[in-house]
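Me: I'm new to this one, and I'd like a close look at a single part rather than a tour of everything. Please pick one region and take me through how its pieces fit together.

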Amino acid sequence: MEIPELPYTFPRLVKGRTILKVPIGSTLDKEVAKQSWYVEFFFYNAAEERMERIRVTRKLNRIKDPRQKLKNFNNLCEAYRIALEGDWNPLDEQANARLKKELIGIDLNEALVLFESYHKAKGTRPKSISTYKSDCQFLYQISGWK
């Protein structure tokens, strides 16, 4: 199979199946919101040389209010579109970790300075800040992050 120009399709919102009959006392929107919705897109899997379907719900099907559910799913769809355009690969976790590291680009010392300034502005006690910082440094040492 030939590698596609874009290795993905644009995410789209899928709203379950069609409703043929609306019960009395309900609306079509409420009945549609009861269905399972998901964001669907395809991504090229180089190992298998084919487009692989990806469906994501992020537990948004718990929302029963039709307007709120639509708003949240549209935001999710937009977030996946932006991530895909930014070279995010849903199939390769190692590449995603490298991309995340490039985007964040902050080391421990910078993070601790920001952390301390945030807590000072928030009004956290100096002893608490000192304890938090030492815990962060300890966790950093035992985790082996570089």
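Reply: Let's begin with a yardstick: a residue is buried under 20% relative accessible area, exposed over 50%, and partly exposed in between, judged with a 1.4 Å probe and protein chains only. By that yardstick Ile104 is exposed, at 54%, while Asn96 is buried, at 12%. What you see is a predicted model, in which local features need pLDDT of at least 70 and side-chain atom pairs count only at pLDDT 80 or more, while totals for chains, interfaces and linings use all residues. Residues are numbered from 1 along each chain as its sequence is written, and side-chain values use heavy atoms, leaving out hydrogens and water.

Now to the part I'd choose: the sheet. Three strands make up this open sheet, in the order 1-2-3, with antiparallel pairing. (Helices, H or I with at least four residues, and strands, E with at least two, are DSSP runs numbered from the N terminus; two strands pair if DSSP finds at least two bridges between them.) Strand 1 (12-14) and strand 3 (50-56) are the edges: each has a single partner strand, so one side of each has no neighbour in the sheet. On average, neighbouring strands are turned by 40° against each other, direction ignored. Such angles compare axes, which are lines fitted to C-alpha atoms (for helices over the stretch in contact), and run from 0 to 180 degrees between N-to-C directions.

Follow the strands across. Strand 1 is joined to strand 2 (residues 38-45) by three bridges, and here Leu13 sits opposite Val39 of strand 2. Helix 2 (residues 66-85) packs on the sheet and touches strand 1, strand 2 and strand 3, its direction making about 15° with that of strand 2. (Contact means heavy atoms within 4.5 Å.)

On the other side of strand 2, seven antiparallel bridges connect it to strand 3. Val39 turns up again here, standing opposite Val56 in strand 3. The hairpin of strand 2 and strand 3 has four residues between the strands, and Glu49 there takes a positive phi near 55°.

Charged side chains add another layer to the picture. A salt bridge is a side-chain nitrogen of Lys or Arg within 4 Å of a carboxyl oxygen of Asp or Glu, and the structure holds nine of them. One of these pairs Glu40 with Arg53, whose closest N and O atoms are 3.9 Å apart. This pair links distant parts of the chain, with Glu40 in strand 2 and Arg53 in strand 3, 13 residues apart. Its two members sit in different surroundings: Glu40 counts as buried at 6% relative accessibility, whereas Arg53 is partly exposed at 46%.

Another salt bridge brings together the side chains of Arg50 and Glu48, at 3.0 Å from N to O. Arg50 is partly exposed at 41%, and Glu48 is partly exposed too, at 47%.

For a pair elsewhere, look at Lys133 and Glu116, whose side chains meet in a salt bridge of 3.0 Å, N to O. Lys133 belongs to helix 5 (residues 126-143) and Glu116 to helix 4 (residues 108-122), so this pair ties together parts 17 residues apart in sequence. Back at Glu40 and Arg53, there is a network to find: salt bridges that share partners join Arg12, Glu40, Arg53 and Arg55.
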